[in-house]
Amino acid sequence: MKKITYIIVGAVILSLFACKTDAKKTKNGKLNVVTTTTMITDLLYNIGGDAINVVGLMGSGVDPHLYKASEGDVTKLVEADIVFYGGLHLEGKLVEVFEKMEHTGKKTVAVSDALDKKELIGSEYFASNYDPHIWFNVTFWKQITAYVTNELKKLDPKNAGVYEENSKAYLEKLTKLDLDLRETISQLSKEKRILVTAHDAFNYFGKSYGFNVVGLQGISTATEAGVQDVQELSKFIIDNKVKAIFVETSVPKRTIEALQASVQSKNHNVTIGGTLYSDALGDKGTVEGTYLGMFKYNVTTIVNALK
Ligand SMILES: [Zn+2]
């Protein structure tokens, strides 16, 4: 069934391309930019500002690992001048769509190409062999900001000055974000820096800020947590006196609730410390709907619950 969907989507792409060979003449003369996750959409808002049209395929609370392109998405992709996606198999079900688009000559950019592979965390769960949750390393996000800025400048040189100026201002905000996060985290003693969540989205976060990160569901939500995992992890929580565990906005909370029940069945208590944004930002128009706001919210929630 999956194969058939891919074939249909592929056929739709190819036929749409056949009738629209040059999509560069966009509304208001602005560059038409299509993005996948809300993190990348937010980045493009910040760098492109009013100079570009940004269309994000995924909304808040959407899990990129499981996301499939709709026919409407395919139309948006075909009308794009450039497409930015995460890569490293983050959008596992869209890989074939992007590959087909590349064959047609459409400009597609995996933002993870900005990074040195040697800096990435390896992972057997993804076909890329790397953990794709790169936005939880602010240094990476800065490198990606510079990379995306460069791609926009190449495609739209008349607005190069705008992109550069926006990029510079945003890089300063990211530097300040990192300092603010470190200050908040410094309230938490080293032995309390244990983050237990539904899936392994936070490995880069852990590496950046000295947390031991344990995910219940493996690194992609495409794999389910087994009974064995729940038993082992509940023992770990009790042994390490972990006060709180966390649910995520883009992952069903039943696995974390099962973990809490398992700890309680052993006559110990662990609270659910809050809901973290992992693979999607909050609603558009809210503070958590931005990368900066999301990161501060997550860190404040984690620190307050584990203190
Ligand atoms: Zn994930």
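Let me begin with a single residue, His 89, which is partly exposed, with a relative accessible area of 29%. His 89 sits in the loop between strand S3 (82-85) and helix H4 (95-103), and although His 89 is not a glycine, its phi is positive, at about 70°. Please keep in mind throughout that what we are looking at is a predicted model.

A second residue invites the same kind of attention, namely Lys 241, whose phi is near 50°, again a positive value in a residue other than glycine. Lys 241 belongs to the loop between helix H8 (227-239) and strand S7 (244-248), and with 71% relative accessibility Lys 241 counts as exposed.

Now let me step back to the whole chain. The protein contains 10 helices and eight strands, and of its 307 residues, 52% count as buried. If we take the contacts between residues at least 6 apart in sequence, 70% of them join residues at least 24 apart.

That brings me to the metal. Which residues hold the zinc ion? The protein donors are His 65, His 133 and His 199, each through NE2, together with Asp 279 through OD, and they lie 2.0 to 2.2 Å from the zinc ion. Along the chain these donors follow the spacing H-x67-H-x65-H-x79-D. Two of them show how distant parts of the chain are linked here, since His 133 is in the loop between strand S4 (108-110) and H5, while His 199 is in the loop between strand S5 (194-197) and helix H7 (203-209), and the two are 66 residues apart. His 133 is buried, with a relative accessible area of 0%, and His 199 likewise counts as buried at 0% relative accessibility. As for the geometry, the angles among the four donor atoms run from 90 to 124°, and the site is tetrahedral. For comparison, the ideal angle for four tetrahedral donors is 109.5 degrees.

Let me turn to the interior. In soluble globular proteins, nonpolar side chains tend to be buried together. In this model the largest nonpolar core has 57 residues, and the members that touch the most other members are Phe 84, Ile 134, Trp 141, Phe 205, Phe 211, Tyr 291 and Phe 295. The largest share of this core, nine residues, comes from helix H10 (residues 291-306). There is also a second, separate core of 17 residues, which includes Ala 198, Val 247, Val 251 and Leu 259. If we look at Ile 134 by itself, and leave out residues up to four places away in sequence, Ile 134 touches Leu 88, Val 111, Ser 112, Leu 115, Leu 120, Phe 140, Ile 144 and Tyr 204.

Next come two helices. Helix H6 (residues 160-185) has 26 residues and reaches 37 Å from its first C-alpha to its last, close to the 38 Å expected at 1.5 Å a residue. Among the buried residues of H6 are Ala 160, Tyr 163, Ser 167 and Tyr 170, and what covers the buried residues of this helix includes strand S1 (31-35), helix H2 (38-48), strand S2 (52-56), H5, H7 and H10.

One residue of H5 is a good place to see this packing. Thr 149 lies in helix H5 (residues 138-155) and is buried, with a relative accessible area of 5%. Leaving aside residues up to four places away in sequence, Thr 149 touches Ile 47, Tyr 163, Glu 164 and Ser 167. Thr 149 and Ala 160 are 11 residues apart in sequence, and their C-alpha atoms are 8.5 Å apart in space.

The other helix is H9 (residues 254-265), whose 12 residues should span 16 Å at 1.5 Å a residue, and its end C-alpha atoms are indeed 16 Å apart, which agrees. The buried residues in H9 are Thr 255, Ile 256, Leu 259, Gln 260, Ser 262 and Val 263. Seen down the axis of H9, these buried residues fall within an arc of 160°, and so they line one face of the helix. After H9 comes Asn 267, with a positive phi near 65°.

Finally, a strand. Val 213 is part of strand S6 (residues 212-215) and counts as buried at 15% relative accessibility. The C-alpha atoms of Val 213 and Val 196 are separated by 6.1 Å, although the two residues are 17 apart along the chain.

Terms used: Residues numbered from 1 in each chain as written. Predicted model: local features only at pLDDT ≥ 70, side-chain atom pairs only at ≥ 80, totals over all residues. Heavy atoms only, no water. Helix = DSSP H or I, 4+ residues; strand = E, 2+ residues; numbered from the N terminus. Expected span 1.5 Å × (residues − 1). Buried < 20%, exposed > 50% of the residue type's maximum accessible area, 1.4 Å probe, protein only. Arc of directions from axis to C-beta. Contact = heavy atoms within 4.5 Å. Donors = N, O, S within 2.8 Å, 3.2 Å for Na, K, Ca; no water. Tetrahedral: all angles 85-135°; square planar, octahedral: opposite > 155°, others 65-115°. Core = buried A, V, L, I, M, F, W, Y, C linked by side-chain atoms within 4.5 Å.
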